[in-house]
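Thanks for sharing this one with me. Here are my notes on the charged side-chain pairs, set out point by point.

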Amino acid sequence: MIDINITAAIQLVNFLVTLAALNYLLIRPVRETIRKRKELMSGLGREIDGFLEEAQTRLAGYEAALTAARNDASALRKEARAEAEAEEKAILARAGREAQASIQAGQASVRAEADAAYAALRKQVPAYADAALARLLG
């Protein structure tokens with residue numbers, strides 16, 4: 001049978017003293033270290049989340065600015081293209097007018113030369129007619 005005597009009480013006191021000493025020397029410091037580490041990791045996690053949100057905000061801002069710059073560049077290209085097309089039309093119209101004027105001047109010059117030649121030949125027709133008649137009659 002089990003005898004409960006003073007050694008059981010001493011063992012119980014010894015156990016409780018050892019448990020209190022372990023709690024004071026080992027378990028509490030380990031729990032405190034774990035708690036501090038958990039707080040540190042939680043703080044770092046919040047800080048990382050803040051950095052990520054800030055990075056996302058900046059990235060969105062950069063993308064918006066890049067899109068705006070692309071739109072501005074596209075508008076400038078369209079405007080420059082329209083100006084170039086208008087200038088091209090003006091140059092072609094001016095060249096067409098100059099060519100038409102040159103053609104008309106050439107036609108007038110040819111017409112004047114033809115009229116002069118016709119008038120000169122008209123004056124010589126009687127002489128040629130007399131010469132041709134003289135040859136025929138002989």
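1. Glu-39 and Arg-35 sit four residues apart in helix α1, so about one helical turn separates them. In this predicted model, their side chains meet in a salt bridge, with 2.5 Å from N to O.

2. Arg-35 has another partner as well: Glu-32 forms a salt bridge with Arg-35, and the closest N and O atoms are 2.0 Å apart. Glu-32 and Arg-35 are three residues apart in helix α1, which spans residues 6–137, and this spacing is again about one turn of the helix.

3. Put these pairs together and you have a network of salt bridges linking Glu-32, Arg-35 and Glu-39.

4. Are the members of this network buried or exposed? Each falls in between: Glu-32 is partly exposed at a relative accessible area of 31%, Arg-35 is partly exposed at 37%, and Glu-39 counts as partly exposed at 47%.

5. Further along, please look at Glu-54 and Arg-58, which form a salt bridge whose closest N and O atoms are 2.9 Å apart. Both residues belong to helix α1, and their spacing of four residues is about one turn of the helix.

6. For the accessibility of that pair, Glu-54 has a relative value of 37% and counts as partly exposed. Arg-58 is also partly exposed, because its 49% relative accessibility does not go over the 50% cut-off for exposed.

7. How many salt bridges does a search of the whole structure find? The search finds three.

Technical notes. Residues numbered from 1 in each chain as written. Predicted model: local features only at pLDDT ≥ 70, side-chain atom pairs only at ≥ 80, totals over all residues. Heavy atoms only, no water. Salt bridge = Lys/Arg side-chain N within 4 Å of Asp/Glu carboxyl O. Helix = DSSP H or I, 4+ residues; strand = E, 2+ residues; numbered from the N terminus. Buried < 20%, exposed > 50% of the residue type's maximum accessible area, 1.4 Å probe, protein only.
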